[in-house]
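Biologist: Could you take a close look at one part of this model for me, namely the salt bridges, and explain with care how the side chains that form them are placed?

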Amino acid sequence: MIRPMQFQWKQHIQIAMLVMLAGLIAAPAAADVGRVKVAKGAVHIERGGKTVPVSVGALVQVRDTIITGADGSIGITFRDDSLMSAGPNTVLSIDSFAFDTTTHEGGFDSTLKRGTLTAVSGKLVKQQPESMRVRTPAAIMGVRGTEFAIRVVESAN
């Protein structure tokens with residue numbers, strides 16, 4: 001004989017499991033941290049060992065590496081309204097991105113391996129000036145301002 005209290009407990013567990021399952025199903029969408037607004041020339045993203053063609057509207061994810069060819073350029077808007085533009089012959093990795101839409105707290109790390117990058121910081125830097133970092137082969141920049149440009153030239157060695 002099942003007591004009413006036990007039956008309610010089982011229902012609560014079932015509901016909790018359904019909520020967790022729904023969260024797991026929705027989780028991959030949370031990996032999208034930005035969207036391509038401009039793409040010209042040869043541009044692609046390396047994601048999980050595969051090459052993904054880039055077009056306007058394409059989603060950008062953490063651990064993506066954006067690669068532009070000799071005639072390529074790309075403009076990306078991130079969830080915190082940060083803007084990044086990469087010019088020709090650029091290799092840019094999105095290392096981490098976390099953004100709380102309520103508090104505007106989080107962090108944004110990227111690596112510019114070569115090429116050019118211009119950026120306008122968004123809500124993350126306005127809330128936490130130290131929250132955005134760009135690594136290069138020679139240095140790590142902590143972004144505290146609102147706009148910056150970087151150029152990494154491959155050495156002749």
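Modeller: A residue counts as buried when its relative accessible area is under 20%, as exposed when that area is over 50%, and as partly exposed in between. With 31% relative accessibility, Arg135 therefore counts as partly exposed. Please keep in mind that this is a predicted model. The structure holds 4 salt bridges, and Arg135 takes part in one of them, since its side chain meets that of Asp109 with 3.7 Å from N to O. Arg135 lies in strand S10 and Asp109 in strand S9, so this pair ties together parts that are 26 residues apart in sequence.

The side chain of Asp109 also meets that of Arg133 in a salt bridge, here with 2.8 Å from N to O. This pair, too, links distant parts of the chain, with Asp109 in strand S9 (residues 106–120) and Arg133 in strand S10 (residues 132–135), 24 residues apart. Asp109, Arg133 and Arg135 are thus linked in a network of salt bridges. Within this network, Asp109 counts as buried at 11% relative accessibility, whereas Arg133 counts as partly exposed at 29%.

Another salt bridge joins the side chains of Asp81 and Lys123, at 3.3 Å from N to O. Asp81 lies in the loop between strand S6 (73–78) and strand S7 (83–86), while Lys123 belongs to helix H2 (residues 123–127), so the pair ties together parts that are 42 residues apart in sequence. Asp81 is partly exposed at 42% relative accessibility, and Lys123 is partly exposed with a relative accessible area of 31%.

Terms used:
Residues are numbered from 1 along each chain as its sequence is written. This is a predicted model: local features need pLDDT of at least 70, side-chain atom pairs count only at pLDDT 80 or more; totals for chains, interfaces and linings use all residues. Side-chain values use heavy atoms; hydrogens and water are left out. Helices (H or I, at least four residues) and strands (E, at least two) are DSSP runs, numbered from the N terminus. Buried means under 20% relative accessible area, exposed over 50%, partly exposed in between (1.4 Å probe, protein chains only).
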